[in-house]
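Work through the exercises below with the sequence and the model open side by side. Each task is followed by a solution in steps.

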Amino acid sequence: MASKRVLLLGGHGKVSLLLTPHLVARSWHVTSVIRDPTQTDDILSTVKGDSSNIDVLVSSLEDVKSKGDAQQVIDKVKPDYVVWSAGAGGKGAPSRTQAVDRDACINFIHAAADTASISKFLLVSYPGSRRTKAPWWTEEEWVGTQEVNNGVLKPYYPAKLASDECLTAVASRRKDLHAIVLRPGYLTDDEAIGKVSLGKTKARGRVARGDVAAVAAELLDSDARGWLDLLQGEEDIADAVRRVIKEKVDCVEGEDVESMVQQYA
């Protein structure tokens, strides 16, 4: 694949730091957006040797109050692909989660969708971000998911759900936009093993951040689209990505996409 420019939002997150070298290894140019300039060295040091394919843009996502604010960043970077791996991280008041995980993300989604040169948008979410029981889950799994969403993940759950649904909706309007919602389970700092369960997984499970980063890069370097849940598993990453594309796996199954379109597109 020809060299691409990638806008990486949330560049200092653990997954983003692991994703950056995967993207640069493909000879892609990465602009990593961070809010604290002291994080710059951490970004550049993700690549051994020449870091000329990495730019750092200091810009707080909390300040993205409108589509126009997001468009300014996009116009400055001129990316082919956008990756959202940002979030408030549960820090601060619920309003901060809404401002970053929902509002800023949605503003970037709309701005990207209206930028013809952007062909892919990958959003990192989680398996429980859905309104209804996944058809392949057990009732027990769904009850457990609801308990988590309405407990420790409140107000994170509605914020992430809104962003997932918005990306799905705008991609239904702009058919040439590859919208990928990568939905890993409980993230660990365990060593990446290169073996995953991708697609219609169990409701809960673990996965190493390094494997999430590797899967994200592989998805961007493919024709993938749709919602894809991710846990640690037994399938090689490249094989898993090829399989979900061939089988047209989309974990949005069971959700009301038409309602998403009516609300966001």
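**Exercise 1. The nonpolar cores**

Find which residues touch the most other members of the largest nonpolar core in this predicted model, and which elements supply that core.

Solution. Step 1: the largest nonpolar core holds 39 residues, and those that touch the most other members are L7, L9, L61, W84, F108, F121 and L167. Step 2: at least two core residues come from each of β1 (5-9), α3 (67-77), β4 (81-84), α4 (94-113), β5 (120-124), α6 (156-173), β6 (178-184) and α9 (257-264). Step 3: among these, α4 gives the most, with nine residues. Step 4: take L61 as an example; leaving aside neighbours within four places in sequence, L61 is in contact with L9, G10, W84, A86, A104 and F108. Step 5: there is also a second, separate core of 37 residues, which includes V6, Y81, L230 and A240. As background, nonpolar side chains tend to be buried together in soluble globular proteins.

**Exercise 2. The sheet**

Give the strand order of the open sheet and say which strands stand at the edges.

Solution. Step 1: nine strands follow the order β3-β2-β1-β4-β5-β6-β10-β8-β11, with mixed pairing. Step 2: β3 (54-58) and β11 (235-236) each have a single partner strand, so one side of each lacks a neighbour in the sheet. Step 3: inside the order, β1 and β2 are parallel and share five bridges; V6 has V30 of β2 as its bridge partner. Step 4: β4 and β5 also run parallel, joined by four bridges, and V83 is partnered with L122 in β5.

**Exercise 3. The faces of β2**

Are the two faces of β2 buried or exposed?

Solution. Step 1: in a regular strand, side chains alternate between the two faces of the sheet. Step 2: one side of β2 carries H29, T31 and V33, the other V30, S32 and I34. Step 3: all of these are buried, which leaves both faces covered. The count for residues 29-34 is thus six of six buried.

**Exercise 4. A pocket**

Describe the second largest pocket by volume, lining and residue class.

Solution. Step 1: the second largest pocket contains about 340 Å³ of space. Step 2: 20 residues line this pocket, and A179, R225, G226, W227 and D250 are the closest to its centre. Step 3: α6, β6, β10 (226-232) and α8 (237-246) each give two or more residues to the lining. Step 4: sorted by class, the lining has twelve nonpolar, three polar and five charged residues.

**Exercise 5. Backbone exceptions**

Where is the cis peptide bond, and which loops hold S27 and K248, two residues with positive phi?

Solution. Step 1: most residues other than glycine have a negative phi, and most peptide bonds are trans. Step 2: K154 and P155 are joined by a cis peptide bond with omega about 15°; P155 lies in the loop between α5 (139-149) and α6. Step 3: S27, in the loop between α1 (14-24) and β2, has a phi near 65°. Step 4: K248, in the loop between α8 and α9, has a phi of about 55°. Step 5: S27 is partly exposed, at 47% relative accessibility, whereas K248 is exposed, at 73%.

**Exercise 6. Q71**

Is Q71 buried or exposed?

Solution. Step 1: Q71 is part of helix α3. Step 2: the relative accessibility of Q71 is 18%, and buried means under 20%, so Q71 counts as buried. Step 3: not counting residues up to four places away in sequence, Q71 touches A111 and T115.

Conventions:
Residues are numbered from 1 along each chain as its sequence is written. This is a predicted model: local features need pLDDT of at least 70, side-chain atom pairs count only at pLDDT 80 or more; totals for chains, interfaces and linings use all residues. Side-chain values use heavy atoms; hydrogens and water are left out. A nonpolar core is a set of buried Ala, Val, Leu, Ile, Met, Phe, Trp, Tyr and Cys residues joined through side-chain atoms within 4.5 Å. Buried means under 20% relative accessible area, exposed over 50%, partly exposed in between (1.4 Å probe, protein chains only). Contact means heavy atoms within 4.5 Å. On a 1 Å grid over the protein atoms alone, a cavity is a set of points where a 1.4 Å probe fits but cannot get out, and a pocket is an open set with protein on both sides within 12 Å along at least five of seven lines; lining residues have an atom within 4 Å of a point. Grid points are joined across faces, edges and corners, and a volume is the space filled by probe spheres set on the points. Ala, Val, Leu, Ile, Met, Phe, Trp, Tyr, Cys and Pro count as nonpolar, Asp, Glu, Lys and Arg as charged, and the others, Gly among them, as polar. Two strands pair if DSSP finds at least two bridges between them.
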